[in-house]
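Here is a short tour of one protein model. Keep the sequence and the 3D view open as you read.

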Amino acid sequence: MTTARRLDGYTLDDWESLDPQEGRRIELVDGRFVVNAAPAMRHQRVADRLQTLLDAAVAREGMEALTAIGVRVGRNLGYIPDVVVTSEFLDTGSVDVRNVVLVVEVVSPSTKKNDRLEKPAAFAAAGVERYWRVETADVEGPTIYCYQLDAGAYSLTATLAAGVAGTVAVTSTVSVTFDPADLTSSRR
């Protein structure tokens, strides 16, 4: 990667041409590359278990859930959400936001501002129907805040707390029931 900055900002083409960086996530925000460290083990465990749960739920609809893939949001905006549910099976380097039906972000101390404010605003503006935010700081287990697009902004539709199984819509035709505590608990 070059250390020079383009005066007019980087584009999605620049972002997609980057070589993957082991242990880092590079996103494109307003024409700038933003580098985040790889997620911690607890964070990745939550994302992986959610991906498995969501993928099984949406498979019969021809959709799929993936972790840590690039989503092209705008000309100078490309994010790498923790989990994405796509409207169809895709085999591309990154996904166009128009093919995304759900974005899930697992909040980390270093990404909390982006996960709570900036990303939901960008995904809502791009028309992504659902956004889930997973807060993992609670000792009992994660809390999941589930939002649905309503008149161009997200409205809270459900809150799933650890220790209580709840049902939440993934799409207009698919729902899942689970206890958020299962996302971090030991399998023994």
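Contact here means heavy atoms within 4.5 Å. With that in hand, look at A124. The model is a predicted one.

**A residue in helix α3**

A124 sits in helix α3. Leaving out residues up to four places away in sequence, A124 touches L149, G152, A153 and Y154. Is A124 buried or exposed? Its relative accessibility is 7%, so A124 counts as buried. Buried means under 20% relative accessible area. There is also a distance to note. A124 and Y147 are 23 residues apart along the chain, and their C-alpha atoms are separated by 10.0 Å.

**Two more buried residues**

Next comes R49, in helix α2 (residues 41-58). R49 has 14% relative accessibility and therefore counts as buried. Which residues does R49 touch, not counting those up to four places away in sequence? They are D182, L183, T184, S185 and R187. P180 is 131 residues from R49 along the chain. Even so, the C-alpha atoms of R49 and P180 are separated by 10.0 Å.

T143 belongs to strand β10 (residues 143-150). T143 is buried too, with a relative accessible area of 13%. Setting aside neighbours within four places in sequence, T143 is in contact with R133, V134 and E135, and also with T159, L160 and A161.

**Aromatic rings**

Now turn to the rings. How many aromatic pairs are there? The count comes to four. Two of these pairs are set out below.

| Ring pair | Distance between centres | Angle between planes | Type |
|---|---|---|---|
| Y10 and F33 | 4.3 Å | 25 degrees | stacked |
| F123 and Y131 | 6.4 Å | 35 degrees | tilted |

Why do the two labels differ in the table? Planes under 30 degrees apart count as stacked, over 60 as edge-to-face and the rest as tilted. The planes of Y10 and F33 are at 25 degrees, so that pair is stacked. The planes of F123 and Y131 are at 35 degrees, so that pair is tilted.

Where do Y10 and F33 lie? Y10 is in the segment before α1 (12-16), and F33 is in strand β2. The pair therefore ties together parts that are 23 residues apart in sequence. Y10 and F33 are both buried.

F123 and Y131 are buried as well. F123 has a relative accessible area of 0%, and Y131 has 1%. These two also belong to a cluster. Ring pairs link Y79, F123, Y131 and Y154 into it. Y154 has appeared before, as one of the residues that A124 touches.

**A hairpin of two strands**

Move on to strands β12 (residues 166-169) and β13. They pair in the antiparallel sense, over four bridges. A hairpin of five residues joins β12 to β13. Across the pairing, A169 stands opposite S175 in β13. T167 has T177 of β13 as its bridge partner.

Which way do the side chains point? In a regular strand the side chains alternate between the two faces of the sheet. Along β12, G166 and V168 point to one face and are buried. T167 and A169 point to the other face and are not buried. Strand β13 (residues 175-178) also has two faces. V176 and F178 form its covered face. S175 and T177 form its uncovered face. Put the bridges and faces together. The partners T167 and T177 are a residue that is not buried in β12 and one on the uncovered face of β13.

**The second largest pocket**

Last, look for open space. The second largest pocket holds about 180 Å³. Of the 17 residues that line it, the closest to its centre are R25, N36, A37, H43 and T111. Which elements give two or more residues to this lining? They are β1 (24-29), β2 (32-37), β8 (100-106) and α3 (112-125). Helix α3 gives the most, with three residues. The lining divides into five nonpolar, six polar and six charged residues.

Helix α3 has thus come up twice by name. It holds A124, and it lines the second largest pocket with three residues.

Note on methods: Residues are numbered from 1 along each chain as its sequence is written. This is a predicted model: local features need pLDDT of at least 70, side-chain atom pairs count only at pLDDT 80 or more; totals for chains, interfaces and linings use all residues. Side-chain values use heavy atoms; hydrogens and water are left out. Buried means under 20% relative accessible area, exposed over 50%, partly exposed in between (1.4 Å probe, protein chains only). Two strands pair if DSSP finds at least two bridges between them. On a 1 Å grid over the protein atoms alone, a cavity is a set of points where a 1.4 Å probe fits but cannot get out, and a pocket is an open set with protein on both sides within 12 Å along at least five of seven lines; lining residues have an atom within 4 Å of a point. Grid points are joined across faces, edges and corners, and a volume is the space filled by probe spheres set on the points. Ala, Val, Leu, Ile, Met, Phe, Trp, Tyr, Cys and Pro count as nonpolar, Asp, Glu, Lys and Arg as charged, and the others, Gly among them, as polar. Rings of Phe, Tyr and Trp (its six-membered ring) pair if their centres lie within 6.5 Å; planes under 30 degrees apart count as stacked, over 60 as edge-to-face and the rest as tilted.
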